[in-house]
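Please open the structure in a viewer and keep the sequence panel visible beside it. The tour below proceeds by selection: each stop names what to select and then states what is there.

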Amino acid sequence: MGPSTEEAVAGLAGIRVDHRFKGLPPDAGGLTVGELAAQRRSLFTGGFTTPVLTLSAEHLEHNLALLETYTTRHGLDFAPHGKTSMAPQLFARQLAHGAWGITAAVPHQVRVYRAYGISRIFLANEVVDAAALRWLAAELDADQDFRFVCYVDSVRGVELMDEALRAAGARRPVEVVVELGAGEGARTGARTQAECAAVADAVAAAPSLRLTGVAGYEGEVPEPDGERVRGYLRRLVALAAHFDAAGRFADADDIVVSAGGSAWFDAVADVFAQLPRLSAPVVKLLRSGAYVSHDDGHYRHLTPFNRVPQEGALEPAFRLWAQVVSRPTPSQAFVNAGKRDAAYDLDLPEAQVVRDARTGNLRAAEGIAVTGLSDQHGWLATEPGAALEVGDWVGMGLSHPCTSFDKWQLIPVVTADGTVTDLVRTFF
């Protein structure tokens, strides 16, 4: 067994600050991350350079606590999708806030999680890579406390998994859940109950695998609305009950029923509450991941908390700071952050606040809009009277957390008064 999550994450404080990490103070070169954080420098006057992506310390903590409260209230277990941040420091905080484990999408992510001591991993995908399965078999054999669960959605996939695991001499069976597809034209998953049963039969015939439950992703329901999404989730719950009645989970210590992206977890909570009593304890596993940072675009519009405001509200934690480097006309300005720095796959950044270079004062970014991104420039349109000068800093909100995190290897965590209290390391 390796170090615990707490011990492994603590080791990240020993990373040396250098040219690998953009936005950090040049005069901090040679310090460790822990030493830089302990100095509690100001983001604005402590030598940080633009562009620089930040995370709000207060909003991160709020979001972590809110999902802990929500899942507890609704009787859900929680394995937030780690692909959003790929940040072990945030994984540790999610676990401290009651998470059952962490979800992954591909085997490489599982390796990162294991390097940081994550002991329960749900892989929301089918794994047919023989090299990855050899590694997985060895990892399971080496640590009896490591629990791993992944999707299967085809007979052929089951055959490939079993072949690779038996060739690797696996001593512990890999737990699998049958993935139910969300409908015609959706993404992965067996489409019908009969196809799901065929996959389950194949698992029963594979000595290296053990059927543990069923799972799916309601975010792939075609033309989703509340009723269509709930209809799919009811099919998933019915599949679990049907499999259990047929004795398919006889070898399982518990039964995993999993769904849940970041747009419909209220529907998951509603339908999973209707799950009938099964022959073993049920792990009702929600996998929403984008909540940890939330955003100022895509998920601001999609979050279920818009539909259930009495449950609370997530707060956007990202802010990208860039500096005005050109003001060629009264209606146009350019900042030094572009596609290499800001998520832009769903929405452009949103100009929110300006820090005046002359006074250091903050004001709302009134009359300023981001209209486009080049590789290293952001295009701003400015209305008549918009006060903006070369040298000013512009703070921007971002859309889509997944493609925000993956552009930055070390992200300052900043309190409301601008103090940098920590730096979050990502592993993409």
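Helices and strands are here runs assigned by DSSP, at least four residues long for a helix and at least two for a strand, and they are numbered from the N terminus. The model is a predicted one.

**First stop: a cis peptide bond**

Select Thr50 and Pro51, which are joined by a cis peptide bond with omega of about -5°. Pro51 belongs to the loop between α2 and β1. As background, most peptide bonds are trans.

**Second stop: the sheet**

Now display the strands. The open sheet has 8 strands with parallel pairing, in the order β2-β9-β8-β7-β6-β5-β4-β3. At its edges are β2 (77-78) and β3 (102-104), each of which pairs on one side only. Add helix α5 (residues 107-115), which packs on the sheet and touches β3, β4 (120-126) and β5 (147-152). The direction of α5 makes about 150° with that of β3.

Move next to strands β6 (residues 174-179) and β7 (residues 209-215), which run parallel and are joined by 6 bridges. Select Glu179 to find one bridge partner in β7, namely Ala215. Helix α9 (residues 226-245) lies across β6, β7 and β8 (255-259), and runs at about 145° to β7.

**Third stop: the nonpolar cores**

Which residues touch the most other members of the largest nonpolar core? Select Phe148, Val174 and Phe243: within this core of 110 residues, they are the ones that do so. Helix α9 supplies the largest share of the core, 8 residues. Residues up to four places away in sequence aside, Phe243 touches Val178, Cys196, Ala197, Ala200, Leu211, Val214, Arg248 and Phe249. A second, separate core has 24 residues, including Val9, Leu12, Val52 and Leu410.

**Fourth stop: aromatic pairs**

A total of 14 aromatic pairs is counted. Select Phe44 and Trp321, whose ring centres are 5.0 Å apart; their planes stand at 85°, over the 60 degrees required, so the pair is edge-to-face. Phe44 is in the loop between α2 (33-38) and β1 (52-56), while Trp321 is in strand β10 (residues 318-329), so the pair ties together parts that are 277 residues apart in sequence. Are these two residues buried or exposed? Phe44 has a relative accessible area of 19%, and it is buried because the cut-off is under 20%. Trp321 is also buried, at 4% relative accessibility. Adding Trp393 to the selection shows one aromatic cluster of Phe44, Trp321 and Trp393.

Select Phe78 and Tyr291 next. This aromatic pair is tilted, with 5.3 Å centre to centre and 50° between the planes. Phe78 in strand β2 and Tyr291 in the loop between β9 (282-286) and α11 (298-302) are 213 residues apart, and the pair links these distant parts of the chain. Phe78 is buried at 5% relative accessibility, and Tyr291 at 3%.

**Fifth stop: charges over rings**

Select Lys22 and Trp408: Lys22 lies over the face of Trp408, at 4.2 Å from the ring centre. Then select Arg425, whose charged end sits over the ring of Phe427, 4.7 Å from its centre.

**Last stop: positive phi angles**

Most residues other than glycine have a negative phi. Select Met86, a residue other than glycine with a positive phi near 45°. Met86 lies in the loop between β2 and α4 (88-96) and is buried, with a relative accessible area of 1%. Finally, select His294, in the loop between β9 and α11. His294 has a positive phi of about 55° and counts as buried at 4% relative accessibility.

How values were computed: Residues numbered from 1 in each chain as written. Predicted model: local features only at pLDDT ≥ 70, side-chain atom pairs only at ≥ 80, totals over all residues. Heavy atoms only, no water. Pairing = 2+ DSSP bridges. Contact = heavy atoms within 4.5 Å. Axes fitted to C-alpha atoms, helices over the stretch in contact; angles between N-to-C directions. Core = buried A, V, L, I, M, F, W, Y, C linked by side-chain atoms within 4.5 Å. Buried < 20%, exposed > 50% of the residue type's maximum accessible area, 1.4 Å probe, protein only. Phe/Tyr/Trp six-rings, centres within 6.5 Å; stacked < 30°, edge-to-face > 60°. Lys NZ or Arg CZ within 6 Å of the ring centre and 35° of its normal.
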